[in-house]
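This briefing covers ring contacts, charges over rings and sheet architecture. The sequence and structure come first.

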Amino acid sequence: MKILITGGAGYVGSACLRYVAAQGHEVMAYDNLVMGHREAVDDHPLVVGDIADTALLTKTLKDFGADAVMHFAAATYVGESVEDPEYHYRNNVGGTLSLLNAMRAADVKRLLFSSTCATYGMTESETMSETTPQDPFSPYARTKLAVEWMIRDFAEAYGMGFTLLRYFNASGADPDGRHGEDHRPENHLIPLVLEVPLGQRDKIMVFGDDYPTPDGTCIRDYVHTQDLASAHLLAIMATDVTTREVFNIGTGNGQSVMQIIEACEKVTGQTIAREIVERRPGDPPRLVAKPDKLKTQLGWEPQYSDIEKTIQTAWSWHKANPNGYGGD
Ligand SMILES: NC(=O)c1ccc[n+]([C@@H]2O[C@H](COP(=O)([O-])OP(=O)(O)OC[C@H]3O[C@@H](n4cnc5c(N)ncnc54)[C@H](O)[C@@H]3O)[C@@H](O)[C@H]2O)c1
């Protein structure tokens, strides 16, 4: 299969690109490199372009002969989305509108979309299933929900098939130690915690320890990028022009902020200083997946259910590449 991967030079997109290519599929990354890294794509083809550029996207899809699109490209910082919602709506909603128009023009009818658990609202239950009501907390998450609806409407009207994948917290690095997370600035917990033993940060800030959780800190579901990638491969193979699907991708196990810090201490063998500070607005206490549908319907089995194993891959990457891709 020939798969165009928007955001293919980013953290999750590039992990999926490398995984899918290793399974024998032809891939092409399409990324404006605002956040992505050329090195993350290895020697696979990369078109440097913006998803807002419908003409370039259409030409790229046609020239490549794409059978399907995996759509990762997006602005992802929650805080930025509060300060600058215009950019998030323009990039995420406007950009996806451009992509859908390019797909129509190039007659590409299969789409995977990177959605998020942040589209769910508060729930009383321990885990979130695909039918948990959606009520996003941030402008970022609202753009993702808006895109979900836009894709559904386009699919009905113009005969496209889609699978929406709602990720929980992407984490870890490739087992080869050469590829991993490099966001600038970094905003994900595990790489931030690992900056302490790397000597790049004095201490890790813990935003609130008075949540209704066993140790008072927020609980998240950390899913390894290799497991995200295997879910994408299963999903794209199962998506045809009639498909209208949605799956959670998460392990089903929650880890608190404190548990992540302790696991990082075990993996690195170092004590990690921390400081408890005020809660951040809009952090839900608990976001944990019920991943049963992905397992039963597509046969997905995560390989990284042990958080220390996941952190070990991240630690190997960060130790070998303390300044990320390019070493700068
Ligand atoms: N990382 C997570 O934990 C997580 C959780 C849930 C959902 N997601 C979603 O998964 C996707 C990938 O996340 P990530 O962590 O890899 O982010 P990332 O920032 O590493 O990757 C996004 C990529 O898209 C590119 N991009 C952004 N806007 C673009 C545009 N207009 N045109 C072309 N390229 C553009 C960036 O350069 C970057 O390479 C995003 O859609 C995100 O919303 C991520």
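In this predicted model, Lys309 lies over the face of Tyr304, 4.9 Å from the ring centre. A second charge over a ring involves Arg104, whose charged end sits over Tyr158 at 3.5 Å from the ring centre. Tyr158 also takes part in one of the 2 aromatic pairs that the structure holds.

**Aromatic pairs**

- Phe154 and Tyr158 form an edge-to-face pair, because their planes stand at 70°, past the 60 degrees required; the ring centres are 5.1 Å apart.
- Both residues belong to helix 5 (residues 139-158), where a spacing of 4 residues amounts to about one turn.
- Phe154 is buried at 12% relative accessible area, whereas Tyr158 is partly exposed at 35%.
- Trp317 and Tyr325 make a tilted pair, with 4.9 Å between centres and 50° between planes.
- Trp317 and Tyr325 are both buried.

**Sheet**

- An open sheet of 7 strands runs in the order 3-2-1-4-5-6-11, with parallel pairing.
- Strand 3 (46-48) and strand 11 (244-249) are the edge strands, each pairing on one side only.
- From one strand to the next, the twist averages 20°.
- Strand 4 (residues 68-71) pairs with strand 5 (residues 110-116) in the parallel sense over 3 bridges, and His71 stands opposite Phe113 of strand 5.

**Helices across the sheet**

- Helix 2 (residues 54-64) lies across strands 1 (2-6), 2 (26-31), 3 and 4, at about 170° to strand 2.
- Helix 5 lies across strand 5, strand 6 (161-167) and strand 11, at about 155° to strand 5.

Notes:
Residues numbered from 1 in each chain as written. Predicted model: local features only at pLDDT ≥ 70, side-chain atom pairs only at ≥ 80, totals over all residues. Heavy atoms only, no water. Phe/Tyr/Trp six-rings, centres within 6.5 Å; stacked < 30°, edge-to-face > 60°. Helix = DSSP H or I, 4+ residues; strand = E, 2+ residues; numbered from the N terminus. Buried < 20%, exposed > 50% of the residue type's maximum accessible area, 1.4 Å probe, protein only. Lys NZ or Arg CZ within 6 Å of the ring centre and 35° of its normal. Pairing = 2+ DSSP bridges. Axes fitted to C-alpha atoms, helices over the stretch in contact; angles between N-to-C directions. Contact = heavy atoms within 4.5 Å.
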